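Here are a few exercises to work through with the model open beside you. Each one has a task and then a solution in steps.

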Amino acid sequence: MNKRLLISILALGWALTPLLIAAGPRPNILVILADDLGYGDVGVHGSRVVPTPHLDALAASGVRCTSGYVTAPICAPSRAGFITGRYQTRFGFEHNPRVGDENKLGLPAGQQTLADHLRTAGYATGLVGKWHLGFSPAYLPQTRGFDDYFGFLVAMHNFILEREAAPKFEAAYSRNMIYRGRERQKISGYTTDLFTDEALAFMDRQGEKPWFLYLAYNAVHTPLEILSTYGDRVPAEITDPDRRGYLSLLIGLDDNIGRIRTHLRETGREKNTLIFFFSDNGGAGRKPFLSYNTGNNAPLRGDKGQVLEGGIRVPFFVSWPGTLPAGANYDKPVISLDIAATAIAAAGGVTPPDLDGKNLIPFLTGEKKGHPHDTLHWRLGPQRATRSGNWKLVDWRNFAAKSQSGWELYDLLADVGEKNNLAARHPAVVAELAQAWERWNEKNIAPRWQGSSTEDPTAPEFRPNPKKSPATSRTVPR
Ligand SMILES: [Ca+2]
């Protein structure tokens with residue numbers, strides 16, 4: 001080797017060494033998303049209906065954020081907020097892509113995703129599962145920062161796949177339309193199991209390279225298909241077929257969370273993987289509204305689609321063994337927007353100035369004592385909400401009456417179920433928080449599209465479809 005070149009290489013190595021030591025190994029980042037999972041349906045939140053030992057163990061391995069929020073009570077806007085780290089109303093992604101026009105709609109091209117940022121930081125990036133942020137070529141995951149993709153593109157998908165069955169690509173609900181990369185693949189199996197298989201294979205492909213995996217299960221969204229492997233474990237005393245379907249999906253999800261964590265442990269990655277688990281919105285517990293799945297948000301009030309706590313406060317766990325405390329609870333409000341800021345900081349990446357989230361690590365370790373956020377805000381059509389400290393100011397949608405509540409004020413520390421409206425007693429607090437919401441709203445733009453008449457109860461002409469969400473029991477060999 002040329003002597004001068006050798007000296008240059010040695011000098012470069014010497015110059016970089018302190019930097020690498022100071023930075024330490026960069027963690028893998030795993031975001032596991034459940035779909036429409038109720039706050040009250042996991043064991044650590046008090047459910048005794050079916051055990052969720054693996055979700056409970058994941059929570060116990062790190063910090064359970066008991067006031068963990070998402071940015072919208074419906075699927076796609078919530079995912080747009082999480083994946084960009086920005087309030088989705090900043091860029092007009094306020095509603096689910098409208099049925100029939102979805103091929104024209106998606107995450108605006110100017111918005112960078114967490115995958116973009118982590119890829120720039122040198123991470124391998126993968127998405128397994130549901131996308132729902134656009135399904136024309138310009139919007140596909142591979143154009144939005146993901147090296148690898150396996151999953152489906154739209155709002156919902158059947159769980160039980162059959163290689164020989166005819167595929168159907170409907171506007172919102174697809175059947176047997178699983179993509180690997182840009183190609184559709186004929187495949188048999190159960191999506192929750194298959195997505196885990198793909199997730200483990202993705203991890204194992206990366207060698208020593210740090211990776212970011214977004215694992216977006218379709219459990220426990222409708223359709224409430226029952227695979228006997230899991231359905232047989234639902235207690236016999238539960239007779240409602242829809243509830244049995246939902247719980248079968250939950251058991252499948254829980255088992256697969258166990259598979260993920262076992263694999264991380266067995267491959268020596270446990271301490272070097274930062275895991276976030278959350279649900280994209282609350283359970284859909286009211287018939288016939290919004291893909292009703294029997295989800296239980298107790299003790300919270302409200303459901304998917306509403307900015308009451310039941311729609312936006314979700315199971316939210318952060319685990320990083322050795323770095324974050326284990327078995328801890330954190331009750332100060334945090335939000336899915338924080339995941340991007342936290343992940344980029346942990347990866348040693350460059351945090352863009354326009355992110356709305358905060359790096360949670362110093363808060364969750366106790367290094368920082370204050371609140372990560374002075375205020376959090378929500379807007380979905382006519383619905384509005386602000387959280388500040390213990391106060392929640394909310395103007396929510398009554399779907400049955402097709403009316404807005406007007407501003408109501410709740411003290412969530414004393415009244416997490418939002419039962420006792422204190423607006424009349426504290427007009428100054430109402431005025432102050434309403435002003436804070438208006439100031440935040442000044443930076444939002446008009447929705448790029450409106451909600452669907454059959455799927456979005458905030459749409460003016462909303463007509464719910466009572467035939468949705470039938471539970472079906474089927475057996476597929478493993
Ligand atoms: Ca959802």
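**Exercise 1: a strand pair**

Task: find how many bridges join strand S4 to strand S5 and which way the two run.

Solution: Start with S4 at residues 124-130 and S5 at residues 148-152. Strands here are DSSP runs of type E with at least two residues, and helices are H or I runs of at least four, numbered from the N terminus. Five bridges join the two strands, which run parallel; two strands pair if DSSP finds at least two bridges between them. For one of the contacts, look at Gly 126, whose bridge partner in S5 is Asp 148.

Before going on, note that this is a predicted model, where local features need pLDDT of at least 70, side-chain atom pairs count only at pLDDT 80 or more, and totals for chains, interfaces and linings use all residues. Residues are numbered from 1 along each chain as its sequence is written, and side-chain values use heavy atoms, leaving out hydrogens and water.

**Exercise 2: the whole sheet**

Task: work out the strand order and explain why S11 and S17 each have a side without a neighbour in the sheet.

Solution: Trace the ten strands of this open, mixed sheet as S11-S10-S5-S4-S13-S1-S15-S16-S2-S17. S11 (183-185) and S17 (328-330) stand at the edges with a single partner strand each, so one side of each stays free of a neighbour in the sheet. From one strand to the next, the twist averages 15°.

**Exercise 3: two cysteines**

Task: decide whether Cys 65 is buried or exposed, and do the same for Cys 75.

Solution: Buried means under 20% relative accessible area, exposed over 50%, and partly exposed in between (1.4 Å probe, protein chains only). Cys 65 has 0% relative accessibility, so it is buried. Cys 75, at 2%, is buried too.

How values were computed: Axes are lines fitted to C-alpha atoms, for helices over the stretch in contact, and angles run from 0 to 180 degrees between N-to-C directions.
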